[in-house]
Amino acid sequence: MEGTLMDAPSKEFALAGSLEELKIKGRLVVHGGHRPILVIYDRGRVFALDNRCPHMGFPLERGSVEDGILTCHWHHARFDLESGCTFDLWADDVPICPVEVRNGDVWVKTNFTHADLAAHWRQRLANGLAHNLDLVIAKAMHGQLAAGVPQAEIVREVALFGAQNRDGWGVGLTILTALANILPVLPEEEAYLALFHGARRVAADCDGEAPRRERAPLGSRPDPAALKRWLRRWTNVRHREAAERTLLTAIAAGLSPAVLADVLLAAETERAFADTGHSLDFINKAFECLDLVGWQHAAALLPTVVGQMVAARGAEESTAWRQPVDLVALCEESTSELADLFAAGRGSRDWSGHAALAQELLGDDPARIVDALKEAIRAGAAPADLGQSLAYAAALRVARFGNANEHADWETAHHVFTYANAVHQMLTRIGTANIDTHVTAVRGVLHGAMALYLARYLNVPPARIPGDGGEQLDDLPTDPETIGAALLDAFDRQRQVDLAARLVARHLTLGHSPQALIATLAHVVLREDAGFHAYQMLEAGVRQFGAWGDTDEGRHILIAVARYLAAHSPTERASLQTADIAHRLMRGGELHQEAGSS
Ligand code: FES
């Protein structure tokens with residue numbers, strides 16, 4: 001009899017029934033501590049499969065068999081009876097298990113395991129990514145984590161897929177990296193959701209896209225200064241191929257991540273606040289992605305940012321940056337002074353005026369804002385210090401965002417904040433060694449300060465920041481669990497911006513754990529069909545909170561995050577449902593019955 005094994009049954013096998021009974025009934029279901037197993041007799045052969053449809057768990061025993069094809073009667077996915085492989089990719093393959101006929105009885109192996117579980121789920125993830133199948137991605141993510149595959153390895157698989165299957169860095173890779181960055185602060189059960197969202201957004205980004213075409217480095221190895229000049233030149237004239245080959249040459253020459261960051265930031269800031277800050281943010285994320293997946297992949301990942309960088313529209317092309325004050329000219333004038341200013345500030349390494357500088361950056365006179373930056377440099381502020389002040393000031397724009405603004409204006413505030421965070425991270429990476437050679441990159445701070453200035457109307461009138469000046473907020477709960485539950489409840493309803501801010505302030509002013517609060521905010525994002533900006537906002541906020549710690553400034557930053565997220569919640573939560581279905585299918589339960597009994 002084909003489709004059967006004649007080995008002696010082991011204790012892993014369960015008795016399904018007699019072959020005669022199976023022939024009469026056509027199918028039997030074996031229940032037990034294992035997942036339900038469907039045994040089918042078809043044209044002289046016996047097959048055993050997971051009885052739960054891999055799509056949404058409908059019992060396959062209620063399906064029909066014709067010409068070796070099993071059809072589920074819920075959404076009509078079709079499966080090859082012998083292999084379990086699906087003809088409908090959205091449904092996924094159904095697991096099969098060995099079956100034995102011995103002495104007229106049918107035995108099935110109750111264990112569906114694969115010889116190499118990690119390899120099996122890696123292949124499933126590759127399939128899910130290639131065909132943009134959320135359910136397959138979710139199951140593969142679950143399977144890989146259960147098989148003990150390190151999170152960094154999963155991120156690497158997805159990132160390299162994203163880099164190869166799309167002609168340039170995109171939203172998906174940014175989301176993947178942002179979520180991977182916060183994995184260390186997430187509770188273990190949230191890691192699955194974070195990786196799922198990152199991977200599904202990369203898959204969606206690549207769906208239907210032309211793959212990336214490889215380019216080669218130059219045969220020579222010019223010095224870093226020449227490579228930097230060339231990359232600026234090619235960016236200015238929008239010559240993508242030349243820029244990519246120049247960057248690939250810099251990578252092949254073994255330039256350190258810090259020097260590469262300087263080379264790219266110098267080129268990127270040839271245009272001011274390009275693509276409303278996204279271009280610089282993507283560059284920073286590509287660097288952070290390499291920190292996560294390993295710099296041996298630099299040639300595969302880093303050049304993916306070049307296409308957008310050379311094509312980006314700079315703010316210098318917009319009226320607001322030229323009239324009534326020429327902000328671009330103001331930045332250019334100051335750039336020419338930067339080397340001397342840093343030279344004057346050298347030796348004063350104990351500058352700590354971050355919060356005070358941030359307040360000056362929020363002023364309404366662009367010349368005075370630029371002067372404040374210059375004065376800080378003269379007093380010893382390093383480039384990364386300027387970036388930190390800028391990011392905090394930008395967070396305050398969000399924290400004080402007036403509810404009378406149009407909803408779309410949240411994005412204006414958001415763009416400045418995530419851009420400022422990216423500038424801060426890039427300047428931190430570049431460091432202070434050989435500062436004379438990389439003052440050009442500090443233009444990113446000047447541009448960010450002008451973008452922040454232009455967004456000043458968002459705080460007219462400013463929203464109050466709860467918890468300042470010793471405000472107690474005694475009308476709110478006291479213990480962290482109740483505050484957390486109230487926060488989740490607030491995010492379940494629209495327009496709870498101020499309540500969310502007050503609950504965040506309440507949590508922190510009572511001295512409760514910031515990590516628990518961050519985990520709640522992460523959960524708020526991960527349970528939603530969040531927009532791209534929500535992921536960026538969460539991650540930039542966590543980063544900036546890390547720079548300030550549990551201080552007033554740190555509280556302001558998390559309030560900014562909570563207010564933005566509250567303005568964009570709730571959503572349909574369709575992705576959460578997919579993740580939940582995958583989780584329950586992988587757990588082995590009889591999902592359809594669970595749903596029916598709930
Ligand atoms: S096709 Fe089987 S549950 Fe949807």
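A polar contact is taken here as a pair of N or O atoms within 3.5 Å, where one must be able to donate a hydrogen and the other to accept it. That cut-off matters right away in this predicted model, at the start of helix α2. There, D116 caps the N-terminal end of the helix, with a side-chain oxygen sitting 3.3 Å from the backbone nitrogen of A118.

The rest of α2 is worth a walk-through. The helix covers residues 117-131, and its 15 residues should span 21 Å at 1.5 Å a residue; the end C-alpha atoms turn out to be 21 Å apart, which agrees. Its buried residues are A118, W121, R124, L125, G128 and L129. Looking down the axis of α2, these buried residues fall within an arc of 135°, so they line one face of the helix. As for what that face meets, the buried residues of α2 pack against α3 (134-146), α4 (151-164), α6 (188-206) and α25 (574-587). Just after α2 comes N132, whose phi is positive, near 55°.

Helix α2 also turns up at the largest pocket. About 720 Å³ of space lies in this pocket, and 33 residues line it. Those that lie nearest its centre are R35, P95, F112, H114 and W121. The elements giving two or more residues to the lining are α2, α3 and α25. W121 thus has two entries in this account: it is one of the buried residues of α2, and it is among the residues nearest the pocket centre. Likewise, α3 and α25 both pack against the buried residues of α2 and both contribute two or more residues to the pocket lining.

Stepping back, the protein has 26 helices and 9 strands. Its C-alpha trace spans about 95 × 70 × 40 Å along the principal axes. Of the 598 residues, 57% are buried. Among contacts with a separation of 6 or more, 73% are between residues 24 or more positions apart. For a single pair on the distance side, E317 and F13 are 304 residues apart along the chain, and their C-alpha atoms are separated by 72 Å. E317 itself lies in the loop between α12 (306-311) and α13 (327-335), where its relative accessible area of 42% makes it partly exposed.

Helix α19 (443-454) gives another view of burial. With 12 residues, α19 reaches 17 Å from its first C-alpha to its last, close to the 16 Å expected at 1.5 Å a residue. In α19, 11 of the 12 residues are buried, so the helix is largely enclosed by the rest of the structure. The buried set includes R443 and H447 as well as V445, L446, M450, L452 and Y453. Two glycines, G444 and G448, and two alanines, A449 and A451, are buried there too.

A smaller-scale case is T246, placed in helix α8 (residues 240-252). Its relative accessibility is 4%, so T246 counts as buried. Leaving aside neighbours within four places in sequence, T246 is in contact with L227, W230, L231 and W234.

Then there is the backbone geometry. Most residues other than glycine have a negative phi, and most peptide bonds are trans. Some spots in this model go the other way. The peptide bond from V460 to P461 is cis, with omega near -5°, and P461 lies in the loop between α19 and α20 (480-491). A cis bond also joins S569 to P570, again with omega near -5°; P570 is found in the loop between α24 (552-567) and α25.

On the phi side, H76 has a value near 65°, positive in a residue other than glycine. H76 lies in the loop between β6 (69-71) and β7 (78-80) and, at 46% relative accessibility, counts as partly exposed. F273 also has a positive phi, near 45°, and its place is in the loop between α9 (257-268) and α10 (278-293). At 10% relative accessibility, however, F273 counts as buried.

Note on methods:
Residues numbered from 1 in each chain as written. Predicted model: local features only at pLDDT ≥ 70, side-chain atom pairs only at ≥ 80, totals over all residues. Heavy atoms only, no water. Helix = DSSP H or I, 4+ residues; strand = E, 2+ residues; numbered from the N terminus. Buried < 20%, exposed > 50% of the residue type's maximum accessible area, 1.4 Å probe, protein only. Contact = heavy atoms within 4.5 Å. Expected span 1.5 Å × (residues − 1). Arc of directions from axis to C-beta. 1 Å grid on protein atoms, 1.4 Å probe; cavity = no way out; pocket = protein on both sides within 12 Å on 5 of 7 lines; lining within 4 Å. Points joined across faces, edges and corners; volume = space filled by probe spheres on them.
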